Structures are given as C-alpha cells and as structure tokens.
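Colleague: Got a minute to walk me through this fold?
Modeller: Sure, let me put it up.

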Amino acid sequence: MTSRQQKLIDEGEIAADYLEAFLDILDFDGDIDLDVEGDRASVAIDGGDQLYKLSGKDGNVLEAVQTLTRLAVQQNTGERSRLMLDIDGWRAGRKETLRGLAEEGARRVFDLGTPVELEPMTPFERKVVHDAIAEIEGVVTESSGEGKNRHVVIFPDDEYDDDDDYEDDYDDDDVDGDDYDDDDNYDED
C-alpha cells in the first residue's frame with residue numbers, strides 16, 4: 001500500500017468518526033462504509049430509516065454535510081480533503097439518472113439530427129453527463145451558459161465545430177463541484 005492510499009484511508013476513518021458523532025447527535029441510525037475510489041476517499045452512509053432527510057431536495061443537504069465532513073477532516077489533518085460522501089444512495093442514484101438522461105439526449109440528437117440542450121446542472125452532474133456521452137459514438141458534448149444556468153448541449157458529431165477548444169468548468173481534481181463559486185470559476189489551489 002502506498003503512502004497516498006494510506007492517507008486516503010486515514011481521511012475516510014476521520015470522516016467516519018465525525019459522521020458517527022453527527023448521526024448520534026441527530027439520533028439517526030446508519031451504517032458507514034469506507035472505500036478509496038481513484039484518488040479520493042469515499043464514504044457512504046446507508047441503512048437508516050431517516051437518512052433520506054440528510055440528502056435533502058436535489059442533494060443540497062448532502063452537499064452541506066459533505067462540506068462539513070471535509071472541514072472536519074481538514075481540521076484534523078491540516079490538508080484539504082476531496083472525499084466524496086453519499087447518503088442513503090442519493091448520489092449513486094443521481095448518477096444513474098444522469099446517465100439515463102444522457103442516453104435519452106443522445107437518442108433525441110440521433111432522431112432529430114440537431115443539438116439537444118439539457119437542464120442546468122452542477123459541475124458534478126455535467127461531468128457525469130459528459131462521461132456518459134463520451135462512451136456513445138456519433139455525439140459529443142459541450143457546456144454552455146453561466147452560473148446556475150450552465151448546462152450540457154449534446155451535438156451530432158458531424159455538426160460539432162472541432163475548432164472550439166472544449167473546456168468545461170470542472171477539472172479532474174474537483175469533479176464534485178465543491179470549489180465552484182457564483183462567478184462560474186473554481187478556487188485554484
């Protein structure tokens with residue numbers, strides 16, 4: 001095991017301790033599972049009857065709890081945490097929904113022969129859609145719009161202008177979008 005992997009395992013354990021205390025305060029039950037996915041710690045809480053309350057509408061409460069958990073890890077380690085938190089399967093379910101939305105969007109592009117604009121999404125959600133579309137031949141994606149109106153556009157591959165330098169507002173270091181600010185920029189570390 002490399003020192004980087006051990007560091008991620010340690011992050012997950014610190015997060016689990018914090019989340020266990022958090023659940024105790026709320027008097028919620030839940031099983032905490034730790035993993036390392038790629039280059040980040042992953043923590044999932046499942047099994048409690050009231051956990052859905054910690055996901056909130058559109059995952060807003062989940063994002064807040066994730067931010068608090070990352071801050072707790074940072075306070076303990078002195079380093080910024082990029083851990084991903086899922087509660088009651090909300091994030092995993094959202095990924096599946098977004099993949100389905102991407103596939104449906106691609107079908108519409110094939111049927112209509114014209115670009116299709118999807119609903120506004122967070123950087124994390126756009127990343128899931130871009131990745132899903134990248135696996136489908138004949139279509140490409142681009143993000144368009146600004147701020148809360150930023151969304152994915154799916155183009156027929158033959159109509160996409162390759163001269164445009166494609167850049168989205170996410171990067172591989174922050175696919176969950178937590179460093180996204182209101183000016184449609186990322187904090188750079």
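Modeller: One bit of vocabulary before we start: I call a residue buried under 20% relative accessible area, exposed over 50%, and partly exposed in between. And keep in mind that this is a predicted model.

Colleague: Fine. How many salt bridges does the structure hold?
Modeller: Eight salt bridges. In general, side chains of opposite charge can pair when their charged atoms come close.

Colleague: Which residue does Arg 94 form a salt bridge with?
Modeller: Glu 119, with 3.4 Å between the closest N and O atoms. That pair ties together distant parts of the chain, since Arg 94 sits in helix H3 and Glu 119 in strand S4 (residues 116-120), 25 residues apart.

Colleague: Is Glu 119 buried, exposed or partly exposed?
Modeller: Partly exposed, because its relative accessible area is 40%. Arg 94, on the other hand, is buried at 17%.

Colleague: Which residues are linked with Arg 94 in a network of salt bridges?
Modeller: Glu 119 and Glu 125, so to speak a little charged trio with Arg 94.

Colleague: OK, next one. What does Arg 91 pair with in a salt bridge?
Modeller: Glu 63, at 3.1 Å between the closest N and O atoms. Again the partners come from distant parts of the chain: Arg 91 is in helix H3 (residues 90-112) and Glu 63 is in helix H2 (residues 60-77), 28 residues apart. Arg 91 is buried, with a relative accessible area of 4%, while Glu 63 counts as partly exposed at 26%.

Colleague: And where do Lys 127 and Asp 131 lie?
Modeller: Both are in helix H4 (residues 123-134), four residues apart, or about one turn of the helix. They form a salt bridge with the closest N and O atoms 3.0 Å apart. Lys 127 is buried at 15%, and Asp 131 is partly exposed at 36%.

Colleague: Switching to greasy stuff. How many residues are in the largest nonpolar core?
Modeller: It has 17, and the ones with the most contacts inside it are Ile 45, Leu 54, Leu 83, Leu 85 and Ile 87. Helix H1 (3-26), strand S2 (40-46), H2 and strand S3 (84-87) each supply at least two residues of this core. H1 gives the largest share, five residues.

Colleague: What is Ile 45 in contact with, leaving aside its neighbours within four places in sequence?
Modeller: Its contacts include Leu 19, Leu 23, Ile 32, Leu 85 and Ile 87. There is also another core lying apart from the largest one, with 16 residues, among them Ala 102, Ala 106, Val 152 and Ile 154.

Colleague: Where does Val 43 lie?
Modeller: In strand S2. At 0% relative accessibility, Val 43 counts as buried. Its contacts, not counting neighbours within four places in sequence, include Gly 12, Ala 15, Leu 34, Leu 83 and Met 84.

Colleague: How many residues apart in sequence are Val 43 and Ile 87?
Modeller: They are 44 residues apart in sequence, but 8.5 Å apart in space, C-alpha to C-alpha.

Colleague: Now sheets. What order do the strands have in the open sheet of three strands?
Modeller: S4-S6-S5, with antiparallel pairing. S4 and strand S5 (139-144) are at the edges with a single partner strand each, so one side of each has no neighbour in the sheet. Neighbouring strands are turned by 20 degrees against each other on average, direction ignored.

Colleague: How many bridges do S5 and S6 pair over?
Modeller: Six, in the antiparallel sense, with strand S6 covering residues 151-156. For instance, Ser 144 has His 151 in S6 as its bridge partner.

Colleague: Which strands does H4 lie across?
Modeller: S4, S5 and S6, and H4 runs at about 160 degrees to S5.

Colleague: Last thing, backbone oddities. What is the phi of Asp 58?
Modeller: Positive, about 60 degrees, although Asp 58 is not a glycine. Asp 58 is in the loop between S2 and H2, and counts as exposed at 57% relative accessibility.

Colleague: And where is Asp 88?
Modeller: In the loop between S3 and H3. Phi of Asp 88 is also positive, near 60 degrees, in a residue other than glycine. Asp 88 is partly exposed, with a relative accessible area of 36%.

Definitions and conventions: Residues numbered from 1 in each chain as written. Predicted model: local features only at pLDDT ≥ 70, side-chain atom pairs only at ≥ 80, totals over all residues. Heavy atoms only, no water. Salt bridge = Lys/Arg side-chain N within 4 Å of Asp/Glu carboxyl O. Buried < 20%, exposed > 50% of the residue type's maximum accessible area, 1.4 Å probe, protein only. Core = buried A, V, L, I, M, F, W, Y, C linked by side-chain atoms within 4.5 Å. Contact = heavy atoms within 4.5 Å. Pairing = 2+ DSSP bridges. Axes fitted to C-alpha atoms, helices over the stretch in contact; angles between N-to-C directions.
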